[in-house]
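Notebook open, coffee poured. I want to go through the salt bridges, then a pocket, then one strand residue.

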Amino acid sequence: MPTFSNIFEKDVYKGLTAYPKNLSSKYFYDEKGDKIFQQIMNMPTYYLTNAEYEIIETYRKELANLFDDENGFDIIELGAGDGKKTKVLLRYLEQNKYNFTYQPIDISKYALRDLKDSLESELPNLKVIPQEGMYFEILNRLSEYKKRKKIILVLGSNIGNLVHEKAIDFLQNIKSSMNEGDLLFMGFDQKKHPQKIINAYSDEEGVTEAFNKNLLTRINNELDADFNIDKFLHWETYDPETGTAKSFLVATEDQNVNIKKINLEVSFNAWETLHTEVSQKYDDQIVNWLATKANLKVISQFKDSKCLFKDYLFSI
């Protein structure tokens, strides 16, 4: 394998030389991708955001009491994004004089910048400590922090981007950063009518398609590649038996792509797939099974009025 200057180059090379071809969904989130995802979250077919927003708004007082500690506490959010849902909780905590800090963690420096700016405007007295980087690199450092209770937030069903085996690893990594008394509050999109799930990831307006294809645009811009975006089709599938939704880019004709920065030429056959994302759906049985495998305990759960989405509270 060639020498690479960063992990993005390495992952793109690895994914495009694999069979079947794949790219990681974590690379959707450059500056343009962040903005497109904000549009997705505001679409009526993308029910996840509003459902979880309702949960946090409905249970903010109960959550505040569960999170509280006599020495104060620190909220550490993985994949904070624009913080739309989290702000509901942060505003309540600040208004009611809870002793806490907020530490958003995100791979996207653009998302963190915009979040910090908006919080300075909306909640100027809030102590915010943004941290850019991979979740577990930062969590490993925070695991040594034992002075105050840690509340780890993972909203938006981020865990759904992982197959079950990887999800268990993800939960185990979080658990290893937790001390006695710390809590994990995590969102899980629930199984439901298959068409509703398909519609959430394949909107008629083409916003999700633009989000998916932006991954190719990013490779063009950052790795000096020549993907023709118009020669790929966005395609979504959902298997109700396994609860797995998958996103693909499908080549519509034979083509070659040259990626100069990593010295790679990739051939696509007509109708060959490029797998870009997994969006796993859950029920209580699966969540409890995942928790058991990761040596975590489910101590409470919260759902929206339509039972589309749930947030679960875990302890060690």
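Entry 1. I began with a pair in one helix, keeping in mind that this is a predicted model. Glu-209 and Lys-213 form a salt bridge, with 2.9 Å between the closest N and O atoms. Both residues sit in helix α9, four residues apart, which is about one turn of the helix. I then looked up how accessible each partner is. Glu-209 comes out as partly exposed, because its relative accessibility is 29%. Lys-213 has a relative accessible area of 11%, so I put it down as buried. I also noted a network here: Glu-31, Arg-113 and Asp-114 are joined by salt bridges that share partners.

Entry 2. How many salt bridges does the count come to? I get 17 by this rule. I picked out Glu-52 and Lys-85, whose closest N and O atoms are 2.8 Å apart. Glu-52 belongs to helix α3 (residues 47-67) and Lys-85 to helix α4 (residues 84-95), so this salt bridge ties together parts 33 residues apart in sequence. I checked burial too, and both Glu-52 and Lys-85 are buried.

Entry 3. Next I pulled up Lys-281 and Asp-189, whose side chains meet in a salt bridge at 2.7 Å, N to O. Lys-281 is in the loop between β11 and α10 (284-293), while Asp-189 is in strand β6 (residues 183-189), so the pair links parts that are 92 residues apart in sequence. Lys-281 and Asp-189 are both buried.

Entry 4. On to the second largest pocket, which has a volume of about 360 Å³. I find 18 residues lining it, and those nearest its centre are Phe-8, Tyr-27, Ile-107, Glu-132 and Arg-218. Which helix supplies the largest share of the lining? It is α9, with three residues. At least two lining residues come from each of α1 (7-16), α5 (109-122) and α9 (207-223). I sorted the lining by type and got eight nonpolar, three polar and seven charged residues.

Entry 5. Last lookup: Thr-276, which I located in strand β11 (residues 273-280). Is Thr-276 buried or exposed? Its relative accessibility is 2%, so it counts as buried. I then listed its contacts, leaving out residues up to four places away in sequence. Thr-276 touches Leu-23, Ser-24, Ser-25 and Phe-28, then Asn-212 and Leu-215, and also Ser-247, Phe-248 and Leu-249.

Definitions and conventions. Residues are numbered from 1 along each chain as its sequence is written. This is a predicted model: local features need pLDDT of at least 70, side-chain atom pairs count only at pLDDT 80 or more; totals for chains, interfaces and linings use all residues. Side-chain values use heavy atoms; hydrogens and water are left out. On a 1 Å grid over the protein atoms alone, a cavity is a set of points where a 1.4 Å probe fits but cannot get out, and a pocket is an open set with protein on both sides within 12 Å along at least five of seven lines; lining residues have an atom within 4 Å of a point. Grid points are joined across faces, edges and corners, and a volume is the space filled by probe spheres set on the points. Ala, Val, Leu, Ile, Met, Phe, Trp, Tyr, Cys and Pro count as nonpolar, Asp, Glu, Lys and Arg as charged, and the others, Gly among them, as polar. Buried means under 20% relative accessible area, exposed over 50%, partly exposed in between (1.4 Å probe, protein chains only). Contact means heavy atoms within 4.5 Å. A salt bridge is a side-chain nitrogen of Lys or Arg within 4 Å of a carboxyl oxygen of Asp or Glu.
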